Amino acid sequence: MPVKIASWNVNSLNVRLPHVIEWLDAEKPDILALQETKLPDDRFPADHFSELGYEVLYSGQKTYNGVAILARTHYEIRNPLTDIPGLDDPQRRILAADIGNLRILNLYVVNGQEVGSDKFAYKMHWLDKVTDYVRSDVGVYDYYVILGDFNIAPADEDVHDPDMWRDKILCSVQERSALENIKSLGFKDTFRLFEQPDNSFSWWDYRAAGFRRNLGLRIDLLLANTALAKRCTRAWIDRTPRGWDRPSDHAPVIGEFDLDNAMDVQAR
DNA sequence: ATGGTGGTATGACCA
């Protein structure tokens, strides 16, 4: 069996817990990274996930942000990290951990609101510090995955209307360049390792019937370092939960990896 | 159409 790794911005785990439980039961990922849990740690529903056979790690706050990692309990989660050097940030957007000889870095990248705004400057600074951290960390591990809501559409093919979105937030040259800086450290966008349908997106605005009309962006990514990318056997976006009642505005993104031996060595 | 929806919290924010 391959190892299945997924990422999903749930836009409030409080509201979306039934969706996450149903999706875990259907897809049975080995590892699931969540973003926008919007829950302080003392309200994280860890018991619900342990009942389903998942160990959890979380870094949350009230109202905004919040990230978590779920991993099947036969894997041991080690070396958790919530803050990186040079970024003194109360916003809970970063969660890293080791599973076996795999490093997982779960990111809820800053949205940025509008190119040129204060929040955009924060986004670019935040990305710069995360890139520095990855540069310092990537050589330590055999396998390294960076996944999450990047709030950046890598290229025009990831945008439903590239001309309308040209140089807008999530699509600007500066943001795409920052993503390239991360990828230049040796990472592949696993989704693009395979032939994919045109107009494949992971986020659709709640407004203007974005999902029904497939007016979306692909901003949720699963980046794998070269060694891990070589073991990637499949990558896709599961649009199903986006069609459920009261959905998140994001769909889960998933990668499958031929990692059995690498993970088994370290599994407890 | 310069809006629209949704979550949090119950005011405006954030997306």
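Let me start at the DNA: helix H1, residues 13-27, gives the most to the surface near DNA strand B, with 3 residues, where a residue is near a strand if one of its heavy atoms lies within 4 Å of it, and where helices (H or I, at least four residues) and strands (E, at least two) are DSSP runs numbered from the N terminus. Before going on, I should say that this is a predicted model, in which local features need pLDDT of at least 70 and side-chain atom pairs count only at pLDDT 80 or more, while totals for chains, interfaces and linings use all residues. Residues are numbered from 1 along each chain as its sequence is written, chains are lettered from A and ligands numbered from 1 in the order in which they are written, and side-chain values use heavy atoms, with hydrogens and water left out.

Staying with the DNA, there are 16 residues around strand B, of which Ser12, Arg16, Lys62, Thr63 and Lys119 come nearest. Of the atoms of DNA strand B that come within 4 Å of the protein, 71% belong to sugar and phosphate. By class, this surface has 7 charged, 5 polar and 4 nonpolar residues, with Asp, Glu, Lys and Arg counted as charged, Ala, Val, Leu, Ile, Met, Phe, Trp, Tyr, Cys and Pro as nonpolar, and the others, Gly among them, as polar.

Which side chains have an N or O atom at a phosphate oxygen of DNA strand B? One is serine 12, at 2.3 Å, and another is arginine 93, at 3.5 Å. Threonine 63 also places a polar side-chain atom 3.0 Å from a phosphate oxygen of DNA strand B.

Turning to the fold, chain A has 7 helices and 14 strands, and its C-alpha trace spans about 50 × 40 × 40 Å along the principal axes. The radius of gyration of chain A is 17 Å, which agrees with the value near 18 Å for a compact globule of 268 residues; the radius is taken over C-alpha atoms, and the globule rule is 2.2 Å times the number of residues to the power 0.38. Among contacts (heavy atoms within 4.5 Å) between residues at least 6 apart in sequence, 69% join residues at least 24 apart. Buried residues make up 57% of the 268 residues in chain A, buried meaning under 20% relative accessible area, exposed over 50%, and partly exposed in between, with a 1.4 Å probe and protein chains only.

Now to the start of the chain. Proline 2 sits in the segment before strand E1, residues 3-9, and counts as partly exposed because its relative accessibility is 32%. Leaving aside neighbours within four places in sequence, proline 2 is in contact with Asp30, Glu256, Phe257 and Asp260.

Is lysine 4, in strand E1, buried or exposed? Lysine 4 is buried, because its relative accessible area is 12%, and a polar atom of its side chain lies 2.8 Å from the backbone oxygen of glutamate 27. Beyond four places in sequence, the residues that lysine 4 touches include Lys28, Trp236 and Ile254.

Aspartate 137, in helix H3 (residues 118-137), is also a charged residue that counts as buried, because its relative accessibility is 10%; outside four places in sequence, aspartate 137 touches Arg103 and Tyr144.

Finally, the cysteines: cysteine 171 is buried at 4% relative accessibility and cysteine 232 is buried at 9%, while the structure holds 0 disulfides, a disulfide being a pair of cysteine sulfur atoms within 2.5 Å.

Terms used. A polar contact is a pair of N or O atoms within 3.5 Å; within protein, one must be able to donate a hydrogen and the other to accept it, and residues adjacent in sequence count only if both atoms are side-chain atoms.
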